[in-house]
Amino acid sequence: MVPTRIELARPVPPLTYLAPEGLPSGLRVKVKLRSGSAVGVVLGIDEAPPSVKLKAIEAVLDPFPLLPPRLRELLAFAGGYYGSGLPHLMALCLPSGVLADWETSLPEGGTLAQLRDAGQWAQLEALGAAWHRGELSLPGLFHRRNLRGAGITEVRRTEAPHPLKVTAAQGRALGLLEERGPLPEEDLLREASVSLSVLSTLERHGLVERVKRLDLLSQKREDIVHKQVILNEEQRRAAQAVDLEAFGTYLLYGVTGSGKTEVYLELAEKVLAAGRRVLWLVPEIGLTPRLLARLEGRFPGKVAVGHAGLNATEKQADVMRLLNDGAPIFVGVRNAVLAPLRNVGLILVDEEQEASYKSEEHPRIHARDLAIKRGQLENCPVVLGSATPSLESWHAAQMGRYRLLKLTQRPAGSTLPTVKVVDLRECYKAERKKVIFSPLLLKALGETLERGEQSMLLLNRRGFENFWMCRACGKPLDCPHCSISLTYHKGPHRLRCHLCGFETAPPEVCPACGVEHLRGVGEGTEQIEDQLQARFPTARILRLDRDTTQRRGALEAGLLAAENGQVDILVGTQMLAKGHTFPKLTLVGILNADLGLKVGDFRAAERTFHLLTQVAGRAGRAEWPGRVILQTYSPDHPAIVHAVAQNFEGFAEEELPYRQGMAYPPFAVLSLYRSEGDDPAKALQPLQELKAQFQAQPELRAELRILGPLESPIAKVKDRYRMQMILKAWNRGPLNQALRLAPLAPGGPVSLDRDPVNLGS
Ligand code: ADP
Ligand code: ZN
């Protein structure tokens, strides 16, 4: 046993334990902590162990590092880049329940456990390397005896040859699978009249495997799409431009419906044919049942799906399936960029501009950026797709770092909707009061209802009233724990804080001055729903926002109902922007297009542009021409002007020089350091120390611009004061250097957000 540094997925620095000599780094071990036991990851021998009595680890969990070598390289890179310990990153791709079976027998005899007991760690590591290379098969490595949970379990025959001698029951089960293909477990048990233990034995011998099917897919199995289209000239050229043999980043740019997905499918097919695998990233799985149906139709049985909605067992099943090379296509959200897929031949990032690719908690990875790094390591192409690319990617394409592939047509034939702008300032002048629904919008809503078509109204603000203020003293009602105002929710008749969840019954009188003059300001989706129902009493209205969709599956169910024509008017926040296609949606109303522009974030215009373009694009199909009514107080703002014209390139052309002038991304890069404390001074101090440390380095001082430290835009959350400091540089070098110079202690007061996308909080 030797002193070994072990890092935990907790906010503490690495600890030193005694562990068997020769454990490779990256191995998971179980260790005792004061509070019980924890899983840690081996970093290496501790050359200068603390001079206290060291505890021994409790157990070695992995026979060898389970993650494929390329992925381990990616994690190492991400750890250094985002300032995160390995265990935090590993937790994103290797669920703790995925454990190898030490009793797995080896081809040359013996078991993994015997090698472990003999301390043959080097030999185990070599076995692992051979297994990762596909030179060694370890069929029993992962068994599923503990797998329970939601969803249908499907049983499939593996590639392992049918053994000569099997029991009668085993023979019946194998025979049925060979004859009929994959079957739901229940059906197999019944039809072959075998017991579960027979299946488990077959599984242990690697003859069958059990796979959890996602409910989403199994429910919708009947509408799996088998359509195969013939690519048009543009699509064919785009697909051919992608060099599948080498790393390269491509930006596939084309409006919704221009056939990007068909290009992805074509590329995926080629990659699978070459025996490699496909990593397919999407911003939100729940909103893409169509895509899953198309994938399942084109590549039956080959697709695994990962997303936040999966429970622990489902996640485990997915990861084991990937480690067993059981699914050559993996579709998933953000963390899927770290999926343990071997031999990746293509990485797709659909809707690459989406902010959901960026994690807002530690480790704050950006899946699109890591996808590109992974492509480099795997030596395969990375295709970013979008109708409205991020300015980062667009700029990179303009500079020739990414190859731009453009789709300009809409093969299925629909046209872009017509957009009308309503100037709310004029409405105010005409009606002498604030207008929520302009006459034009009301007329259009009525017409649409009459024709039996659907409308969608966007207001990116939930609740009934945005905040309450006192007319006498002018003070808003703020959260007592956070520096934002409380939002009124009429349903439960509560004032709520959208940051910390604090809620209270609305007071009768102003807590500041005691006068009875409280009034609500700024309508939210809840109020819109109320007012609409009053104006259109017979309309079937569905509200979709974070308040109505908290239950798992609620959003999907709502969208499905709308898709099936059970809803006349959809009201909601930005949730409405993506996902399902509503065949009868012919009117989109944007109630206040300016809401997002007031946020103190240099990306406010870009985000508004994306949102408006996306929502507007939802109106109309081929047979049902769509129209969009956009209400705004600032019809001349570039984000609005170009969204109205559905003109991304125009927007980019206007926005990029501004970014350059202000030295913002994509021309500069940012690191956001943040600290919290019980009082402002305590929060400020560690940042001031960091700043001094950076400024003491002449080289850094020359290349870094340091903004702050100062109060964060939301200065207090849950009674903690928040300060921040932004580092700006022309390239990543100085920011990497700053992080190396002052690594952040896990659990320390300062956190780091590299390439932050959210500067408004
Ligand atoms: P995007 O991903 O850009 O939104 P899709 O690939 O989903 O576009 O294509 C939109 C619709 O057009 C889909 O129904 C798709 O099947 C159809 N489509 C795409 N390319 C073709 C083609 N070459 N011929 C016929 N239909 C096509
Ligand atoms: Zn609060």
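**Entry 1: a small sheet early in the chain**

I began with strand β3 (residues 28-33) and strand β4 (residues 36-45), which pair in the antiparallel sense over six bridges. One of the matched pairs I looked up is L33, whose bridge partner in β4 is G36. I kept in mind that this is a predicted model.

Next I asked in what order the strands of this open sheet follow each other. I read off β2-β1-β4-β3-β5, five strands with antiparallel pairing. At the edges I found β2 (15-19) and β5 (59-60); each has a single partner strand, so one side of each is left without a neighbour in the sheet. A reminder to myself for viewing it: in a regular strand the side chains alternate between the two faces of the sheet.

**Entry 2: strand β26**

Then I moved on to strand β26 (residues 627-632) and its partners. Strand β16 (residues 418-423) runs parallel to β26, and six bridges join the two. Within that pairing, I noted V421 standing opposite L630 in β26. Strand β25 (residues 585-590) also runs parallel to β26, joined to it by four bridges. Here I picked out L587, which has R627 as its bridge partner in β26.

Why did I write down β26 as largely enclosed by the rest of the structure? Five of its six residues are buried, so the description follows from the count.

**Entry 3: L89**

I turned to L89, which I found in helix α2 (residues 86-90). Is L89 buried or exposed? Its relative accessible area is 0%, and buried means under 20%, so L89 is buried.

I then listed what L89 touches, leaving out residues up to four places away in sequence: L75, A78, G79, S84, L338, P363 and I365. I also checked L89 against N335, which is 246 residues apart from it along the chain. The C-alpha atoms of L89 and N335 are separated by 9.4 Å.

**Entry 4: D755**

My next stop was D755, placed in the segment after β30 (750-754). I looked up its relative accessible area and got 13%; the cut-off for buried is under 20%, so D755 counts as buried.

Which side chain does the side chain of D755 meet in a polar contact? I found Y81, at 2.7 Å. Y81 is also on the list of residues that D755 touches, together with K358, D369, V669, L670 and R732, again not counting residues up to four places away in sequence.

**Entry 5: ligand 1**

I saved the ligand for the end. There are 17 residues around ligand 1, and I230, Q235, G257, K260 and T261 come nearest. I sorted this shell by class and got six nonpolar, seven polar and four charged residues. Which helix gives the most to the shell? I found helix α10 (residues 260-273), with three residues.

For polar atoms, I went through three side chains. Q235 places a polar side-chain atom 2.8 Å from a nitrogen atom of ligand 1. For E262, an N or O atom in the side chain is 3.0 Å from an oxygen atom of the ligand. In R294, a polar side-chain atom lies 2.9 Å from an oxygen atom of ligand 1. As a last lookup, I noted that ligand 1 taken alone exposes 560 Å², and that the protein buries 79% of that.

Notes
Residues are numbered from 1 along each chain as its sequence is written. Chains are lettered from A and ligands numbered from 1 in the order in which they are written. This is a predicted model: local features need pLDDT of at least 70, side-chain atom pairs count only at pLDDT 80 or more; totals for chains, interfaces and linings use all residues. Side-chain values use heavy atoms; hydrogens and water are left out. A residue is near a molecule or strand if one of its heavy atoms lies within 4 Å of it. A polar contact is a pair of N or O atoms within 3.5 Å; within protein, one must be able to donate a hydrogen and the other to accept it, and residues adjacent in sequence count only if both atoms are side-chain atoms. Accessible areas come from the Shrake-Rupley method with a 1.4 Å probe; for residues, only the protein chains shown count as cover. Ala, Val, Leu, Ile, Met, Phe, Trp, Tyr, Cys and Pro count as nonpolar, Asp, Glu, Lys and Arg as charged, and the others, Gly among them, as polar. Buried means under 20% relative accessible area, exposed over 50%, partly exposed in between (1.4 Å probe, protein chains only). Contact means heavy atoms within 4.5 Å. Two strands pair if DSSP finds at least two bridges between them.
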